[in-house]
Amino acid sequence: MNDNVEVLPLFAFPLHPYDFELTKEQEKVIVDVANKVDYKVNKSGNIPSKSKNIFNENPELHFLEQMLLKEFYRFKNVVLRYEDLDFRITTSWFTKTKPGGNCQYHNHNNSMYSGVFYFNNDEEHTKINFTYFGASTSYLLVKPTSYNLYNSTSWSLPQKNNSCIYFPSHLPHAVDTNTSDKIRQSLAFNFMPIGTVGVGDSTYDYGGY
């Protein structure tokens with residue numbers, strides 16, 4: 001029996017996980033900045049920073065911003081093939097998830113790609129969940145014998161410290177319940193194109209840097 005089955009992953013939503021190598025000093029800088037900024041009050045236990053411009057307001061994090069941008073550029077050039085298009089980080093914010101806290105499914109508006117960088121966490125209790133609600137609106141619900149990228153409507157991805165997951169901003173994602181006794185910390189950010197994009201009557205100029 002021939003088990004080789006051709007598969008065309010049409011219209012896939014490409015996500016890019018990446019583990020960064022940081023020095024102890026760089027890790028401390030990130031934690032120190034995260035601890036000094038102000039946070040909003042949120043009953044869900046998932047608490048965002050008041051500022052949505054963390055990188056702009058904290059120049060000591062310039063090294064991290066450049067690292068995140070550099071890896072995104074590698075991804076968008078090699079995988080997405082947006083080699084002639086530049087991007088910038090438009091918004092950036094810290095998030096703390098208290099023990100027992102979580103964040104329901106949501107997406108990011110007014111951005112094209114997003115990322116979440118994780119740091120200073122109990123790695124056994126750090127996950128991000130993704131789903132595609134459109135896949136669950138089919139006429140049939142069939143349970144597979146095992147789940148894979150082709151038959152799943154949701155996916156849970158464990159995250160290491162100093163790792164980042166890049167994903168399309170429209171893709172619904174959620175913060176898994178923090179079952180540890182330690183606050184979970186992350187830094188989220190959004191990307192938008194720079195300059196003119198599109199073709200014909202769909203052309204738009206997003207401006208410069």
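This report describes two sheets of a predicted model and the helices that pack on one of them.

Residues are numbered from 1 along each chain as its sequence is written. Because the model is predicted, local features need pLDDT of at least 70, side-chain atom pairs count only at pLDDT 80 or more, and totals for chains, interfaces and linings use all residues, while side-chain values use heavy atoms, without hydrogens or water.

**The four-strand sheet**

Helices (H or I, at least four residues) and strands (E, at least two) are DSSP runs, numbered from the N terminus. Two strands pair if DSSP finds at least two bridges between them. Four strands form an open sheet in the order E4-E9-E6-E7, and their pairing is antiparallel. E4 (103-106) and E7 are the edge strands, each pairing on one side only. On average, neighbouring strands here are turned by 20° against each other, direction ignored. Axes are lines fitted to C-alpha atoms, for helices over the stretch in contact, and angles run from 0 to 180 degrees between N-to-C directions.

Strand E6 covers residues 127-131. Four of its five residues are buried, so E6 is largely enclosed by the rest of the structure. Buried means under 20% relative accessible area, with a 1.4 Å probe and protein chains only. E6 has antiparallel links to E7 and to E9.

**Strand pairs in the two sheets**

| Pair | Bridges | Opposite residues |
|---|---|---|
| E6 and E7 (residues 154-158) | five bridges | isoleucine 128 and leucine 157 |
| E6 and E9 (residues 173-175) | three bridges | phenylalanine 130 and histidine 173 |
| E5 (residues 113-119) and E10 (residues 184-194) | seven bridges | phenylalanine 119 and glutamine 185 |

**The six-strand sheet**

The other open sheet has six strands in the order E1-E8-E5-E10-E3-E2, again with antiparallel pairing. E1 (16-19) and E2 (46-48) stand at the edges. Each has a single partner strand, so one side of each is left without a neighbour in the sheet. Neighbouring strands of this sheet are turned by 25° against each other on average, direction ignored.

**Helices on the sheet**

Helix H1 (residues 24-36) lies across E3 (86-97), E5 and E10. H1 runs at about 70° to E3. Helix H3 (residues 62-78) also packs on the sheet. H3 touches E1, E3, E5, E8 (163-168) and E10, where contact means heavy atoms within 4.5 Å. The direction of H3 makes about 125° with that of E3.

How values were computed. Buried < 20%, exposed > 50% of the residue type's maximum accessible area, 1.4 Å probe, protein only.
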